[in-house]
Amino acid sequence: MEARDRAASRSFPIVGLGASAGGLEALEQFLGHVPKECGLGFVVVQHLDPSHKGILVELLQRGTAMPVIQIKDRMKVEPGHVYVIPPNRDLSILHGVLHLLEPAAPRGLRLPIDFFFRSLADDQHVRSIGVILSGMGSDGTLGLRAIKEKAGAVFVQTPASARFDSMPRMAIDAGLADVVAPAEELPGKIIDYLQHVPLLVRPDHDIADKDQSALEKVVILLRAQTGHDFSLYKKSTIYRRIERRMGLHQITRIADYVRYLRENSQESELLFKELLIGVTSFFRDPEVWEQLKNKIIPEFLTTRLHSGVLRAWTAGCSTGEEAYSLAIVFKEALEKVQPGKNFSLQIFATDLDKDAIDKARAGVYPANISADVSEERLRRFFVKNEHGNYSMKKEIREMVIFAPQNLVMHPPFTRLDFVTCRNLLIYLDADLQKKLMPLFHYSLNSGGILLLGSAETIGTATDLFTPLEGKFRLYRRLDTSRQPNLVEFPSAFTRTRLDTAAAAKPVTSPPAPNLQSLADQLLLQRYSPAAVLVTNQGDILYVSGKTGKYLEPAAGKANWNLFAMSREGLGNALSEAFHKAVRQKIVVTLKDVKVGTNGGTQVVDITVQPVTSPEALRGMVMVVFTDVVRHPAAIAPGTSERATMHNARLAAMAQELQQAHEDLQATRDEMQTSQEELKSTNEELQSMNEELQSTNEELTTSKEEMQSMNEELQTVNHELQAKVDELSRASNDMKNLLNSTDIATLFLDNALLVRRFTTQTAGIIKLIPGDVGRPITDIVTTLDYPRLAEDTQQVLKTLVFVEKQVTARDGRWFTVRIMPYCTQDNRIDGVVITFADITVAKNLEAALRKAQSDLEKRFTTQTAELGKVRKNLQTGIHQRAKAKPDGGRTKGINQNPKRPR
């Protein structure tokens, strides 16, 4: 007791701090507000450069009074200390001791926060606390999900206060954050939470009567406000979740929480979400899906003679990953089936959480599913959208029908070939689990497959299902004589079903007696041997004849098992023969078995026969009892009666001794067989354990690689987004440039189809936005340019531009310039046609030509008039010269007259 108290006193919560870009400032703000005697251990995991010596310890030590230590291998976490991960190392924790590991992933592919948070959740369970501060990418989200699954607490920095809000926003969007606050306020929130969580102090608590009453009131309030009944869930699970909510709201007594729940309807919804532990992923437990793909589904399909639709039900599908995984595996397995068979699968996926169903219907998942889905499957069955998320392809999405359903209250699906219900039964009460097994049996067709989680079994329903080969929870439906009306359906369904049956049941008259059936019944009762039909476990299904001499009810609780009801002298021999017949599939007959009756003995022959036909009885066993009649032997002459009795006694003893020897030999054989089987099983378990460990390491490595690649892809996505923004701005600039030039521009592709046009083009060619993609020859134009299409084709052939001046029907003039459209990689991808309005220039040109013509006419007229004047002047001079007789010159006449111009 003292050791337990000391262990409890040493136990304390461990806080994992995850940060990336911009995380130093957030870490300083967080640690600067942590009191030195807080009683908590802090482990800082940050993305560090593996090639440089870290100085994070010195930087953090300046802002906190707690010792800040760089982690060394096998260092034990102590309260009131801060431990910092060294560069180029992965960090894990076991029993409160930190272990450093060589990073398995190359640089750039590591997710150290996820790696440590998952380890912290597995080691500390409810004492694990995850804190996400500033950082880029999505590292930490998967680790926080593991902490939530173990009932730990998650605190996230407010995205608005973070320098880089990617990591906090991813945690909040995933619905994992319990408290969101600035970094400097988170320490106070954590301490307040821990002061109001009794579970951390009492890990092995018992629910007191008062708490039990309050717990039941919480269940009643949930049922009234959400319509769902959690009374059949495990009380410990409900109580843990309630205590978490109490700690977050700083409520000490559960009675106070009941009052808070009544006054705040939103809290009911949050508690409802808390109880719906939707932890799922694609291809969880990959070995199970590989067995389904490579063996179970192909064998199931080959037994079908005809093609058709197979039906499956995924109960508790959460956000749909399991249902889509089944659809993908079925598609892959279908490729292995013989050609000529055309099967399709219809999956009904149900869950209590309507929000989860809505997400499943959308079929959109974050990029980190690449940790669970192979690259080939991502390429084949998913489409990556512009946000970096993956969407299910139509062929897979149409195979699944999602619907909200309460497994406890709503009717089941029927005529199914597959049922999967994984990691749901572990949260349900044992009584409810027993009721669900017959329900699944009722839903499945003959030979149908049931898949459960790794921690779940069929319990006592061994007469309904038989396990398949392998180490996984795969079961095949057995045909049983249990009538459907013995199956206990959900209450809401049962009332409707019984009322409908009672209303629809017709009143019929008893059938006429059948002579043959009456005779057969008489023969069976009077002359046939007594027999019982049992399961392969010995449970009696049918009794024929009078078996009271061989079987009798055992004292205590009613037990209809063959071995429990066998009379004295019958048990051992019958048990050995029965197991031999079941194991070797042969008919076993026991001769002269003495059975103790009321005050005497009865000699009987027993026949144990496994039943192989008809199909409805396959797997059952028929046990037949035949009385042996002993006639008294005649006494030989000279033999006394005493000697005869002595000989008879010796013969009986010899027979009993022989029987004992046979029983002993059979027991030895069975023991030897059991030892060999146990040895083989032990070896298989050891091998399986090694394989599981190896597989676990590989999966962990793959998840880290995918998470790191996802972070890099997010960086690339940001760069691409910046490029898109830049291209958008460039497009806007070009649009405004083209509009400002007032030049109509038309873009055509190589087939002369309209690709794009500016606003001004619509005034020349009758274009509307709906004409994009139409041939330019089909569109009306106002231009008097019938050779537009021919010139465009010529430009595409010769790559030589064409420029022409053409007129429009309204009198306008345009310069049409046709040029090849050349891309950045020097590829011709159509033509660009510009239409420059030159109407003003043409009008000026016409005016100038008219003015020139007028001037030319005036010049011609004036020139003609001057010619006449000159001619007249010359004529006058000649006449005046002829008037002088001596031909001399007069005095008043200039000796060198100027010529008229």
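This briefing walks through the fold statistics, the salt bridges and two individual residues of the chain.

The model is predicted, so to speak of a local feature takes pLDDT of at least 70 and side-chain atom pairs count only at pLDDT 80 or more, while totals for chains, interfaces and linings use all residues. Residues are numbered from 1 along each chain as its sequence is written, and side-chain values use heavy atoms, with hydrogens and water left out.

**The chain as a whole**

- The secondary structure adds up to 24 helices and 30 strands; helices (H or I, at least four residues) and strands (E, at least two) are DSSP runs, numbered from the N terminus.
- Out of 901 residues, 39% count as buried. Here buried means under 20% relative accessible area, exposed means over 50%, and partly exposed is in between (1.4 Å probe, protein chains only).
- About 51,400 Å² of the chain is exposed, and carbon and sulfur atoms supply 53% of that. The areas come from the Shrake-Rupley method with a 1.4 Å probe, and for residues only the protein chains shown count as cover.
- Take the contacts (heavy atoms within 4.5 Å) with a separation of 6 or more: 64% of them come from residues 24 or more positions apart.

**Salt bridges**

- Side chains of opposite charge can pair when their charged atoms come close.
- A salt bridge here is a side-chain nitrogen of Lys or Arg within 4 Å of a carboxyl oxygen of Asp or Glu, and the count comes to 27.
- One of them pairs Glu-332 with Lys-293, with 3.5 Å between the closest N and O atoms. Glu-332 sits in helix α13 (residues 321–334) and Lys-293 in helix α12 (residues 286–302), so this pair ties together parts that are 39 residues apart in sequence.
- Both ends of that pair are tucked away: Glu-332 is buried at 8% relative accessibility, and Lys-293 is buried at 19%.

**Around Asp-791**

- Asp-791 is buried, with 5% relative accessibility.
- Arg-787 meets Asp-791 in a salt bridge at 3.7 Å, N to O; Arg-787 itself is partly exposed, at 47% relative accessible area.
- Lys-804 also forms a salt bridge with Asp-791, and the closest N and O atoms are 3.1 Å apart. That pair links distant parts of the chain, with Lys-804 in strand β28 (residues 802–807) and Asp-791 in helix α23 (residues 788–798), 13 residues apart.
- Lys-804 is partly exposed, with a relative accessible area of 32%.
- Elsewhere, Arg-253, Asp-256 and Arg-259 are joined into one network by salt bridges that share partners.

**Thr-815**

- You'll find Thr-815 in strand β29 (residues 813–822), where Thr-815 counts as buried at 14% relative accessibility.
- Setting aside neighbours within four places in sequence, Thr-815 is in contact with Glu-803, Lys-804, Gln-805, Thr-834, Phe-835, Ala-836 and Ile-838.

**Asp-229**

- Asp-229 lies in the loop between α8 (209–226) and α9 (235–249) and is partly exposed, with a relative accessible area of 23%.
- With neighbours within four places in sequence left aside, the contacts of Asp-229 are Val-219, Arg-223 and Asn-406.
- Asn-406 is 177 residues from Asp-229 along the chain, and their C-alpha atoms are 9.1 Å apart.
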